[in-house]
Amino acid sequence: MNFKRLAFQAKKEFDKRGGAETVKDLQAKAKQAIDDRGGVEGIKASAKNVADAAKGPGTASDKAKAAAAAAKTEFKQPPAGGPADVVEGKKAS
């Protein structure tokens, strides 16, 4: 495998897609999303709620369903303190 050629192609594709500016934009959006959810502690609390639902009583199937339901309510609701019309990163029309 020719690693120089592979690195060249990767850099060419990276530059074609916006290069470092795109990465910086994605980083800023990720930081904003984390902050909207109450920071790292808020995300940890949501994850703990999902884990607790998965550890509840019942069969493995029941636990999986409970965890899925908890994940839907924890992670698909609008961010705390954020605009109510933003869900899953899209604005309601």
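Visitor: What share of the contacts in the protein chain with a separation of 6 or more comes from residues 24 or more positions apart?

Guide: The model is a predicted one. Its contacts are pairs with heavy atoms within 4.5 Å. Among those with a separation of 6 or more, residues 24 or more positions apart account for 36%.

Visitor: In what order do the elements of the protein chain run from the N terminus on?

Guide: The protein chain holds four helices and two strands. Read from the N terminus on, the order of these elements is α-α-α-α-β-β.

Visitor: Which residues of α3 are buried?

Guide: Helix α3 covers residues 39–54 and reaches 23 Å from its first C-alpha to its last, close to the 22 Å expected. Seen down the axis of α3, the buried residues fall within an arc of 75°, so they line one face of the helix. These buried residues are Gly39, Gly42, Ser46, Val50 and Ala53.

Visitor: Is Ser46 buried or exposed, and which residues does Ser46 touch?

Guide: Ser46 belongs to helix α3. Buried means under 20% relative accessible area, and Ser46, at 11%, therefore counts as buried. Leaving aside residues up to four places away in sequence, Ser46 touches Glu74 and Phe75.

Visitor: Which residue meets Lys44 in a salt bridge?

Guide: The face of α3 turned away from its buried side carries exposed residues, among them Lys44. The partner of Lys44 also lies in helix α3, three residues apart, about one turn of the helix. That partner counts as exposed because its relative accessibility is 55%. The salt bridge spans 3.9 Å, N to O, and the partner is Glu41.

Visitor: Which residue of helix α1 meets Asp15 in a salt bridge?

Guide: Asp15 is partly exposed, at 42% relative accessibility. Its partner also lies in helix α1 (residues 3–16), four residues apart, about one turn of the helix. The two side chains meet at 2.7 Å, N to O, and the partner is Lys11.

Visitor: How many salt bridges does the count come to?

Guide: Helix α1 also holds Glu13 and Lys16, three residues apart, whose side chains meet at 3.9 Å, N to O. This distance qualifies because a salt bridge needs the nitrogen and oxygen within 4 Å. The count comes to five.

Visitor: Which residues make the nonpolar surface patch of about 300 Å²?

Guide: One member lies in helix α2 (residues 19–36), namely Ile34. Patch residues have over 30% relative accessible area, and Ile34 is partly exposed at 34%. The patch is made by Ile34, Val40, Ile43 and Phe75.

Key
Residues are numbered from 1 along each chain as its sequence is written. This is a predicted model: local features need pLDDT of at least 70, side-chain atom pairs count only at pLDDT 80 or more; totals for chains, interfaces and linings use all residues. Side-chain values use heavy atoms; hydrogens and water are left out. Patches are made of residues with over 30% relative accessible area and no salt bridge: like charges are joined within 9 Å, nonpolar side chains (Val, Leu, Ile, Met, Phe, Trp, Tyr) within 5 Å. Accessible areas come from the Shrake-Rupley method with a 1.4 Å probe; for residues, only the protein chains shown count as cover. Buried means under 20% relative accessible area, exposed over 50%, partly exposed in between (1.4 Å probe, protein chains only). The expected span of a helix is 1.5 Å times one less than its number of residues. The arc is that of the directions from the helix axis to the C-beta atoms.
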